[in-house]
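Here's a walk through one protein chain, written for someone who'd rather look at geometry than read a plot. Have the viewer open and follow along.

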Amino acid sequence: MKADVVVVGSLNMDLVVKVGRRPEWGETVIGSDFFVSPGGKGGNQAYAASKLGASVALLGCVGYDLFGEQLINNLKKTGTDTTYVEKVKAESTGVAMINVNHEGENSIIVAPGANNFVTPEYIRKHEQVIGRAKVIMIQLEIPMETVMETAKIAKEHRVPLMLDPAPARELPKDLYELVHYILPNENEITELTNIKVTDTETAEKAGQLLISRGVKTVFSKLGGKGVTVTDKGETFTLKGHDVPVEDTTAAGDAFAGALAAALVSGENLLSATKFANAVGALTVTREGAQASMPDLDETLQFIESLQNK
């Protein structure tokens with residue numbers, strides 16, 4: 001089956017604890033709620049795009065364990081094609097341990113497990129899947145050499161690459177010119193550019209620096225302050241939506257999946273960003289990663305309610 005959106009990335013089970021504050025080293029704090037939720041940046045972005053109506057295939061790895069089965073089955077519910085997800089023997093499915101405070105902000109520790117087996121060799125086996133896509137989505141919870149290999153294959157087949165540069169880390173210089181869309185948050189774009197991004201002005205400055213390195217379009221995600229979009233032709237900022245924040249986990253992934261879904265459906269840059277901005281806002285109003293993501297009808301209703309205000 002041909003998929004318009006092909007996601008290359010991680011699959012993790014999220015173990016989430018709500019806490020008043022994070023513990024210091026050597027300290028124990030008592031949390032409140034605990035829940036388990038399907039996650040991983042690759043899985044999250046595939047789930048979001050598929051739930052919003054895009055045809056999606058996922059390339060990734062899990063272990064031969066209960067978490068792996070649960071992650072695959074949850075993605076299948078949205079119609080995501082998991083045919084190419086491989087199970088790795090003698091390795092556990094990736095796990096993310098997430099602390100969420102009372103303001104909905106989170107901190108995350110990831111044990112990659114089977115995600116380390118998303119190798120360049122694995123990617124080359126599925127080159128045809130990548131070549132038939134309209135957009136490729138990738139993140140940094142898999143080996144960097146795999147990111148580079150995927151980017152090269154995408155360029156060979158003239159398929160735009162959408163990079164979510166998270167977790168924040170230095171990127172190979174050769175990668176920038178292979179990236180069509182890059183979606184950093186404030187911390188990530190600061191890491192990439194050494195420009196402290198705190199507002200629209202600094203986001204535009206950092207965005208132009210990334211474009212000078214070869215990126216086509218930069219989406220600087222500014223949390224509750226919205227998103228600044230920069231490319232060679234235009235720069236614009238969309239303000240964040242005033243919504244009650246329950247949990248910010250996977251809001252960036254929801255934004256990315258929504259952006260990809262809108263772009264492959266033919267939306268222009270501005271309308272696609274408005275759509276993604278709305279999806280990201282809805283996602284933070286609920287707990288969990290994939291469990292918090294809205295479907296297309298809910299998103300359109302939310303957008304309509306904003307227009308009626």
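Start at Val218, which stands opposite Thr230 in S13. That places us in a predicted model, at the pairing of strand S12 (residues 217-221) with S13, which is antiparallel and runs over 5 bridges. The two strands make a hairpin with 5 residues between them. In that turn, Gly223 has a positive phi of about 60°.

S13 has a partner on the next stretch of chain too. It pairs with strand S14 (residues 235-238), again in the antiparallel sense, over 4 bridges. Here Val229 stands opposite Phe236 in S14, and the hairpin has 3 residues between its strands.

So how covered is S13 itself? Strand S13 spans residues 227-231, and 5 of its 5 residues are buried. In a regular strand the side chains alternate between the two faces of the sheet. In S13, Val227, Val229 and Asp231 point one way, Thr228 and Thr230 point the other way, and all are buried.

**Helix H1**

H1 is another covered element. It is largely enclosed by the rest of the structure, because 10 of its 11 residues are buried. The buried set is Lys41, Gly42, Gly43, Asn44, Gln45, Ala46, Tyr47, Ala48, Ala49 and Ser50. What do these residues pack against? They pack against strand S1 (5-8), strand S3 (34-39), strand S4 (56-59), helix H2 (66-76), strand S9 (135-138) and H9. Just after the helix, Gly53 takes a positive phi of about 105°.

Lys41 deserves a look of its own. This residue is found in helix H1, and with a relative accessible area of 14% it counts as buried, because the cut-off for that is under 20%. Leaving out residues up to four places away in sequence, Lys41 touches Ser10, Gln139, Glu141, Asp164, Ala166 and Asp253.

**A loop residue for contrast**

Now go to Phe117, in the loop between S8 and helix H3 (120-125). Is Phe117 buried, exposed or partly exposed? Its relative accessibility is 39%, so it counts as partly exposed. Setting aside neighbours within four places in sequence, Phe117 is in contact with Cys61, Val88, Glu91 and Tyr122. Along the sequence, Phe117 and Val135 are 18 residues apart, and their C-alpha atoms lie 23 Å apart in space.

**Pockets**

Next, the two largest pockets, side by side.

| Pocket | Volume | Lining residues | Lining by class |
|---|---|---|---|
| Largest | about 1400 Å³ | 46 residues | 18 nonpolar, 18 polar, 10 charged residues |
| Second largest | about 350 Å³ | 15 residues | 9 nonpolar, 3 polar, 3 charged residues |

In the largest pocket, which holds about 1400 Å³ of space, the lining residues closest to the centre are Asn106, Asn185, Thr248, Ala251 and Gly252. The elements that give two or more residues to this lining are strand S2 (12-18), helix H1 (41-51), strand S7 (94-100), strand S8 (106-111), helix H7 (186-193), helix H9 (251-264) and helix H10 (269-283). So H1, met above as a mostly buried helix, also turns up in this lining.

For the second largest pocket, which residues lie nearest the centre? They are Arg22, Pro23, Asn99, Ser107 and Ile109. The elements that give two or more residues to its lining are S2, S7 and S8. Those three strands are also on the list for the largest pocket.

**Zooming out**

What does the whole chain look like? It has 11 helices and 14 strands. Along its principal axes, the C-alpha trace spans about 50 × 45 × 40 Å. For 309 residues, a compact globule would have a radius of gyration near 19 Å, and the chain's 18 Å agrees with that.

Burial and contacts round out the picture. Of the 309 residues, 55% count as buried. Among contacts with a separation of 6 or more, 68% come from residues 24 or more positions apart.

Conventions:
Residues numbered from 1 in each chain as written. Predicted model: local features only at pLDDT ≥ 70, side-chain atom pairs only at ≥ 80, totals over all residues. Heavy atoms only, no water. Buried < 20%, exposed > 50% of the residue type's maximum accessible area, 1.4 Å probe, protein only. Pairing = 2+ DSSP bridges. 1 Å grid on protein atoms, 1.4 Å probe; cavity = no way out; pocket = protein on both sides within 12 Å on 5 of 7 lines; lining within 4 Å. Points joined across faces, edges and corners; volume = space filled by probe spheres on them. Nonpolar A, V, L, I, M, F, W, Y, C, P; charged D, E, K, R; others polar. Rg over C-alpha atoms; globule rule 2.2 N^0.38 Å. Contact = heavy atoms within 4.5 Å.
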